[in-house]
Amino acid sequence: MLSTIQAADIIVTNSSNLQSRGIQGVTCATYSHAILVLNNHFCIEATPQYGVARVALSDVLNGSTKVDLFRYRGITHFHAEKVCSAVMKFDGRPYDFRGAVRSAISSGCSNVKRLLPATVLIEVADDVLKDQAEHDNQFYCSELIVRAFEMAGLFVTRHPAHAVSPGGLVKSETLKFVKALKS
C-alpha cells in the first residue's frame with residue numbers, strides 16, 4: 001500500500017468521530033481532512049489539536065475510516081520536492097479556525113446557508129483585513145496543502161488557498177485519484 005505513495009501526494013480522509021462528521025456536514029463532502037505526504041513514512045497536516053505538524057503516515061492511516069490518495073497531474077520529482085520544502089516552512093504554525101469556517105462558507109453547502117449572517121461577517125472580515133502574509137500565519141488542512149503547491153509554482157485550484165475545503169480540493173481537475181488506501 002505505501003509503495004504507491006509519493007512525496008507531495010495528497011491524502012484525504014474521514015472518520016466516524018464527531019469532528020469529522022461535522023466537517024462533512026457543513027461542507028456537504030465525503031472528506032473531512034486533507035494531508036500532504038512528505039515521504040513513505042511521514043506527512044504533514046493541520047489540526048485543531050496540534051496546528052501544523054509532521055506526523056507518521058501510519059498514524060494517519062490507522063486513525064481514519066476512509067483514506068483516498070490523490071496526486072497532482074504530471075508532477076515531477078523536482079516540483080514534489082519544492083512542494084514538500086515549501087510546506088515545511090509552516091511546521092509549528094497554529095490552526096486557522098476562522099479559515100476552516102470560511103472554507104465551509106465557500107463550499108456553497110446548503111447546510112451552511114442557515115448560518116449565513118454570521119458566516120458572511122467572518123468571510124468579509126478575513127478578506128478585508130488579511131493579506132497573504134497574514135493568511136500564512138495559520139492554516140487549516142486543505143489551505144496548508146493548496147498554499148504549499150502555490151509556493152512551488154503549481155496551482156491546484158482557481159480559488160485562493162484560504163477558501164478551499166477538503167471536499168473542494170479533490171474536485172480540482174489538476175488532481176487525479178490514485179487509489180483508495182482504506183475504505
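Are Y72 and F149 buried or exposed? In this predicted model, Y72 is buried, and F149 is buried as well; the sections below place these two residues within the sheet, the helices and the aromatic pairs of the chain.

## The sheet

Six strands make up an open sheet, arranged in the order 4-3-2-1-5-6 with antiparallel pairing. Its edges are formed by strand 4 (51–56) and strand 6, each of which pairs on one side only, and from one strand to the next the twist averages 30°.

At one end of this order, strand 3 (residues 42–47) and strand 4 run antiparallel and are joined by six bridges, with I44 standing opposite R54 of strand 4. R54 also takes part in a contact with an aromatic ring, since its charged end sits over the ring of F42, 4.1 Å from the centre of that ring.

## Strand 5 and its neighbours

Strand 5 pairs with strand 1 on one side, where five bridges join the two in an antiparallel arrangement and where I11 has L69 in strand 5 as its bridge partner. Strand 5 also pairs with strand 6, again in the antiparallel sense, over six bridges, and here F70 stands opposite F177 of strand 6. Strand 5 is largely enclosed by the rest of the structure, because six of its seven residues are buried.

R71 has its place in strand 5, and, with a relative accessibility of 11%, this arginine counts as buried. Its side chain makes a polar contact of 2.7 Å with the side chain of D9, while a polar atom of the R71 side chain also lies 2.8 Å from the backbone oxygen of T4. Leaving aside residues up to four places away in sequence, R71 touches T4, I5, Q6, D9, T174, L175, K176 and V178.

## Aromatic pairs

Three aromatic pairs are found when the whole structure is searched. One of them is formed by F70 and F177, whose rings meet edge-to-face, at 5.5 Å centre to centre and with 75° between the planes. F70 belongs to strand 5 (residues 66–72) and F177 to strand 6 (residues 175–182), so this pair ties together parts that are 107 residues apart in sequence. The two partners are set in unlike surroundings as judged by accessibility: F70 counts as buried at 7% relative accessibility, whereas F177 is partly exposed, with a relative accessible area of 46%.

The rings of Y72 and F149 form a stacked pair, because their centres lie 5.5 Å apart and their planes stand at 25°, an angle under the 30 degrees that sets the limit for stacking. Distant parts of the chain are linked by this pair, with Y72 in strand 5 and F149 in helix 8 (residues 141–151), 77 residues apart. As noted at the outset, Y72 and F149 are buried.

## Helices against the sheet

Helix 3 (residues 77–88) lies across strand 2 (33–37), strand 3 and strand 4, and runs at about 115° to strand 2. Helix 8 also packs on the sheet, where it touches strand 1 (10–14), strand 2, strand 3, strand 4 and strand 5, and its direction makes about 35° with that of strand 2. The contact between helix 8 and strand 5 can be read together with the pair of Y72 and F149, which links strand 5 to helix 8.

Key. Residues are numbered from 1 along each chain as its sequence is written. This is a predicted model: local features need pLDDT of at least 70, side-chain atom pairs count only at pLDDT 80 or more; totals for chains, interfaces and linings use all residues. Side-chain values use heavy atoms; hydrogens and water are left out. Rings of Phe, Tyr and Trp (its six-membered ring) pair if their centres lie within 6.5 Å; planes under 30 degrees apart count as stacked, over 60 as edge-to-face and the rest as tilted. Helices (H or I, at least four residues) and strands (E, at least two) are DSSP runs, numbered from the N terminus. Buried means under 20% relative accessible area, exposed over 50%, partly exposed in between (1.4 Å probe, protein chains only). A charge sits over a ring if NZ of Lys or CZ of Arg is within 6 Å of the ring centre and within 35 degrees of the ring normal. Two strands pair if DSSP finds at least two bridges between them. Axes are lines fitted to C-alpha atoms, for helices over the stretch in contact, and angles run from 0 to 180 degrees between N-to-C directions. Contact means heavy atoms within 4.5 Å. A polar contact is a pair of N or O atoms within 3.5 Å; within protein, one must be able to donate a hydrogen and the other to accept it, and residues adjacent in sequence count only if both atoms are side-chain atoms.
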